[in-house]
Amino acid sequence: MASRSLQEQLVHCGFTPKEARIYLDCFTHGASSVQQIADRLKLNRITVHSAAEQLLERGMLLES
């Protein structure tokens, strides 16, 4: 069996693909603004904000 990427494993556990990318970006880069995450991932700021809110509600991210 081929090993899955970490992003694929997160999706398998219930993350959306965008949530998985954002979670891994935050894990890699640490504390960041929504705009910084959006810039790094080349995503719309509103898209990142929405996904980050979902991750916050599930306790997967912390806000400071």
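At 40% relative accessibility, Arg-58 counts as partly exposed, a class that lies between buried (under 20% relative accessible area) and exposed (over 50%), computed with a 1.4 Å probe on protein chains only. The model is predicted, so local features need pLDDT of at least 70 and side-chain atom pairs count only at pLDDT 80 or more, while totals for chains, interfaces and linings use all residues. Residues are numbered from 1 along each chain as its sequence is written, and side-chain values use heavy atoms, with hydrogens and water left out.

Arg-58 is located in the segment that follows helix H4 (45–57). Helices here are DSSP runs of H or I with at least four residues, numbered from the N terminus. Setting aside residues up to four places away in sequence, Arg-58 touches Gly-14, Phe-15 and Glu-19; contact means heavy atoms within 4.5 Å. Within H4 itself sits Glu-53, which is partly exposed with a relative accessible area of 31%. Glu-53 and Glu-19 are 34 residues apart along the chain, and their C-alpha atoms are separated by 9.8 Å.

Towards the start of the numbering is helix H1 (residues 6–12), which contains Val-11. The relative accessible area of Val-11 is 34%, so this residue is partly exposed. Its contacts, not counting residues up to four places away in sequence, are Thr-16, Pro-17 and Ala-20. Between the C-alpha atoms of Val-11 and Ser-32, 21 residues apart along the chain, the separation is 22 Å.

The next part concerns helix H3. In H3 (residues 34–41), Ile-37, Ala-38 and Leu-41 are buried. These three cover an arc of only 100° around the axis, which puts them on the same side of H3; the arc is that of the directions from the helix axis to the C-beta atoms. The buried residues of H3 pack against helix H2 (17–29) and H4.

Ile-37 also appears in the largest nonpolar core. A nonpolar core is a set of buried Ala, Val, Leu, Ile, Met, Phe, Trp, Tyr and Cys residues joined through side-chain atoms within 4.5 Å. Of the 15 residues in the largest one, Ile-22, Ile-37 and Val-48 touch the most other members. At least two residues of this core come from each of H2, H3 and H4. Apart from residues up to four places away in sequence, Ile-37 touches Ile-22, Asp-25, Cys-26, Ser-32 and Val-48.

One of those contacts, Asp-25, belongs to helix H2. With 7% relative accessibility, Asp-25 counts as buried. Beyond its neighbours within four places in sequence, Asp-25 is in contact with Gly-30, Ile-37, Arg-40 and Leu-41.

After H3 comes Lys-42, in the loop between H3 and H4. Lys-42 has a positive phi of about 55° although it is not a glycine. Its relative accessible area is 73%, so Lys-42 is exposed.

The last feature is the largest pocket, which has a volume of about 400 Å³. On a 1 Å grid over the protein atoms alone, a pocket is an open set of points where a 1.4 Å probe fits, with protein on both sides within 12 Å along at least five of seven lines; lining residues have an atom within 4 Å of a point. Grid points are joined across faces, edges and corners, and the volume is the space filled by probe spheres set on the points. Of the 18 residues that line this pocket, Cys-26, Ser-32, Leu-61, Leu-62 and Glu-63 are the closest to its centre. H2, H3 and H4 are the elements that give two or more residues to the lining, and H4 has the largest share, four residues. By class, the lining has 11 nonpolar, five polar and two charged residues. Here Ala, Val, Leu, Ile, Met, Phe, Trp, Tyr, Cys and Pro count as nonpolar, Asp, Glu, Lys and Arg as charged, and the others, Gly among them, as polar.
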